[in-house]
Amino acid sequence: AASHRGVYVQSEYQSTYTTNQTVAQIINGHGGTFSWVGTLSGFQDPVTVVGCLADTGEVSTSLVQYWYACAGTGSGPGVRTLQTAPGGQAIAWSFCLPGGGLLLSNTDQDFIRTNGAGTDAHMRNMLLALADAPNCQ
């Protein structure tokens, strides 16, 4: 948090995984509120991309080949949902740290291995958001 830089943490479909717990600890430890709700089993197509990752840099409004996910709920200053499952559950988040800096996390990486529409644009948008982390408020 003190570096005011961006960090990407790959969460997964099990809320008990270390990376999932890390996301919750960072958000809860810096003024937000976050908790994991539970695993979403099976194919989660299509995933809807919302917030800054939907249109920052390039348009990327949905992803395919998203297997399993972990739903969570977050609130407070700087906590934003970035992806939702077909049932509307939040499965990816950003958190602007107080004073600058950005945490990005989603709960599946399988979409990266595909040629699905929006995949490349989505990954570029993630990198742009992380590069702009010092301006995150």
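Tutor: Two strands pair if DSSP finds at least two bridges between them. The model discussed here is predicted.

Student: Which residue stands opposite Ala 92 in β8?

Tutor: Strand β8 covers residues 102-106, and 5 bridges join β7 to β8. These two strands run antiparallel. Opposite Ala 92, the residue in β8 is Asn 106.

Student: Which glycine in the turn between β7 and β8 has a positive phi?

Tutor: β7 and β8 form a hairpin, with 5 residues between the strands. A positive phi of about 85° occurs in that turn, and the residue that has it is Gly 99.

Student: What is the bridge partner of Val 79 in β7?

Tutor: Strand β6 spans residues 79-84 and is joined to β7 by 5 bridges, the two running antiparallel. Their hairpin has 5 residues between the strands, where Gly 88 takes a positive phi near 90°. In β7, Val 79 is bridged to Phe 95.

Student: How many residues of strand β7 are buried?

Tutor: Buried means under 20% relative accessible area. Strand β7, residues 90-96, is mostly covered by this criterion. The count of buried residues in β7 is 7 of 7.

Student: Which residue of β6 is the bridge partner of Thr 48?

Tutor: Strand β3 comprises residues 47-49, and 2 bridges join β3 to β6. The two strands run antiparallel. The partner of Thr 48 in β6 is Thr 84.

Student: Which strands stand at the edges of the sheet?

Tutor: The sheet is open and has 6 strands, with mixed pairing and the order β1-β8-β7-β6-β3-β4. Each edge strand has a single partner strand, so one side of each is left without a neighbour in the sheet. The edge strands are β1 (6-8) and β4 (62-63).

Student: What is the radius of gyration of the chain, and why is the chain called as compact as a globular protein of its length?

Tutor: The chain has 3 helices and 8 strands, in the sequence pattern β-α-β-β-α-β-β-β-β-β-α. For 137 residues the globule rule gives 14 Å, and the chain comes close to that value, so it is as compact as a globular protein of that length. Its radius of gyration is 14 Å.

Student: What percentage of contacts between residues at least 6 apart in sequence join residues at least 24 apart?

Tutor: Contact means heavy atoms within 4.5 Å. Among contacts in the chain between residues at least 6 apart, the share joining residues at least 24 apart is 64%.

Key: Residues numbered from 1 in each chain as written. Predicted model: local features only at pLDDT ≥ 70, side-chain atom pairs only at ≥ 80, totals over all residues. Heavy atoms only, no water. Helix = DSSP H or I, 4+ residues; strand = E, 2+ residues; numbered from the N terminus. Rg over C-alpha atoms; globule rule 2.2 N^0.38 Å. Buried < 20%, exposed > 50% of the residue type's maximum accessible area, 1.4 Å probe, protein only.
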